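Take a brisk tour of a protein model. The tour visits its hollow spaces, its sheets and its ring pairs.

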Amino acid sequence: MFKEEFIIHRNNLANLMADNSAMILFSRYSGEGREINRNFYYASGLNEFGDKLVITKFCGKVSAVLFIEPYDEYKAKWVGRGLFKEEATELSGINDVRYLNSFDSYVSMLCGSCAENIYIDFRRESINATLSEDEAFAKQITDKYPYVKVLNAHPLFASARTIKSDAEINKIKEAIHITRCGLEAIMTNLKPGMYEYQVESYFDQAIKYNGATGYAFNTIAASGENGCCLHYSKNNSQIKDGDLILFDLGASKDNYCSDISRTFPANGKFSERQKLIYNIVLGGQELMFKTMKPGLTTRDCNQVLIKYFATELKKIGLIKEDSEVSKYYFHGVSHHMGMDCHDLCDYGPLKPGCVISNEPGLYIAEEGIGIRIEDDVLITEDGCVNLSSEIIKTVEDIEKFMAEVKNNEKK
């Protein structure tokens, strides 16, 4: 994305900040690991570890200062150099770029003179976790400047990131297209007798070849009864003839994710029973496309789906009472997505510009049938648009694709 996008992002955050305040962001969640803080990227457009960003709002005027590492010849030889100031400005749109050794004195000036509030992006996994860089810094502020109020920036990011810009939507579309390439590689190479991880490897190669900058999350490749485990992760079973295999996967492109689920027959043909259950799930997804719109919550949508499943499962004799749906469908139909697969959001009613998943599923463990069909959806002014419509999903289209692969192999 262009620097103008990140200028907009910073202004979005500043509009939510109290006046006479500063927001201080660190590029990683903690001193360990190599995970970029998505909120830091949202505000800066940078993927450099160790950088720091300060957004200020005084008397309604918004400005930003970026702190980066100076050039280090030794580091450059071993792991590559960081950004020069001019490069950081070009990516972020921040003209005031300084070196990290001036960060402490700048913060001291802010806290000692004009800042009434300091926003810090807190992210705590558990009460026993080691203090993150953000948390340790907040403690320093409260110890040394007790008259400055420390506030949590996370709710501001949740509000700002709920609505996606056109540029962000385009990045998600890029990730979706790459994911399509990976799924087609899976269908091209899938055969009974393979192991789940072998099929997964075709997805890995295809998305990297087509420009993915990472994975949205760890791939689920679940064959047979494994497909009835919602977050199956072993991916080490041998795929049997007649099995369905459920894939839940996604590519990441410049920190924006896709999240797609498809379920394929290992031998290229659905059995009649598999086809029946598959089309019930597909019908539920089509109902969700008609249901999802501004003003509803994802919980509202899920209740509509549960009623649909109750009706359809009673028709085929799988259940007798509506309450039995939870035996075969036990997750939500939707979550927000963007820079994270389960993206930061305000959890309020859907609004135009929200990007969410549409992922109904049925899991019949006693029959070894697990089916989930998931697409990525943009909420519009009066409904929604399927962003991943380019990825095939009907029984007929899947069987046709896999049959053509077999025919080409015979030639």
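Start with a small space. The model is predicted, and its second largest cavity is lined by Arg 180, Leu 183, Glu 184, Met 187, Glu 390, Ile 391 and Ile 392. By class, this lining holds four nonpolar and three charged residues, with no polar ones. The space inside the second largest cavity is about 40 Å³.

## Cavities and the largest pocket

How many cavities of 30 Å³ or more does the structure hold? There are two. The largest cavity has 15 lining residues. Those nearest its centre are Glu 69, Pro 70, Lys 75, Gly 82 and Leu 83. Its lining splits into seven nonpolar, two polar and six charged residues.

Now turn to the largest pocket. Its lining has 21 residues. Leu 230, His 231, Asp 248, His 342 and Glu 359 lie nearest the centre of this pocket. Six residues of the pocket lining are nonpolar, ten are polar and five are charged.

The table sets out the spaces one by one.

| Space | Volume | Lining by class |
|---|---|---|
| Largest cavity | about 140 Å³ | seven nonpolar, two polar, six charged |
| Second largest cavity | about 40 Å³ | four nonpolar, no polar, three charged |
| Largest pocket | about 420 Å³ | six nonpolar, ten polar, five charged |

## The sheet of six strands

Next come the strands. Six of them form an open sheet. Follow the order across it: β4-β3-β2-β1-β5-β6. The pairing in this sheet is mixed. Which strands stand at the edges? They are β4 (97–99) and β6 (149–152), and each pairs on one side only. On average, neighbouring strands of this sheet are turned by 25° against each other, direction ignored.

Look at one pair within the sheet. Strand β1 covers residues 21–26, and strand β2 covers residues 52–58. The two pair in the antiparallel sense over six bridges. In one of these partnerships, Met 23 has Ile 55 in β2 as its bridge partner.

A helix also packs on this sheet: α5, residues 103–114. Helix α5 touches β1, β2, β3 (61–68), β4 and β5 (117–120). The direction of α5 makes about 20° with that of β2.

## The sheet of three strands

Another open sheet has three strands, in the order β8-β9-β12. Its pairing is antiparallel. Why do β8 (220–223) and β12 (260–265) each have one side without a neighbour in the sheet? Each stands at an edge and has a single partner strand, so one side is left without a neighbour. From one strand to the next, the twist averages 15°.

Within this sheet, β8 pairs with strand β9 (residues 244–249) in the antiparallel sense. Four bridges join the two strands. Ile 220 stands opposite Asp 248 in β9. Asp 248 also appeared earlier, among the residues nearest the centre of the largest pocket.

## Aromatic pairs

Last, the rings. A pair of aromatic rings is described by the distance of the centres and the angle of the planes. A search of the whole structure finds 16 aromatic pairs. One of them joins Phe 6 and Tyr 41. Why is this pair edge-to-face? The ring centres lie 5.4 Å apart and the planes stand at 80°, so the pair counts as edge-to-face. Planes over 60 degrees apart fall in that class.

The Phe 6 and Tyr 41 pair links distant parts of the chain. Phe 6 sits in helix α1 (residues 3–16), and Tyr 41 sits in helix α2 (residues 38–44). The two residues are 35 residues apart.

How values were computed: Residues numbered from 1 in each chain as written. Predicted model: local features only at pLDDT ≥ 70, side-chain atom pairs only at ≥ 80, totals over all residues. Heavy atoms only, no water. 1 Å grid on protein atoms, 1.4 Å probe; cavity = no way out; pocket = protein on both sides within 12 Å on 5 of 7 lines; lining within 4 Å. Points joined across faces, edges and corners; volume = space filled by probe spheres on them. Nonpolar A, V, L, I, M, F, W, Y, C, P; charged D, E, K, R; others polar. Pairing = 2+ DSSP bridges. Axes fitted to C-alpha atoms, helices over the stretch in contact; angles between N-to-C directions. Contact = heavy atoms within 4.5 Å. Phe/Tyr/Trp six-rings, centres within 6.5 Å; stacked < 30°, edge-to-face > 60°.
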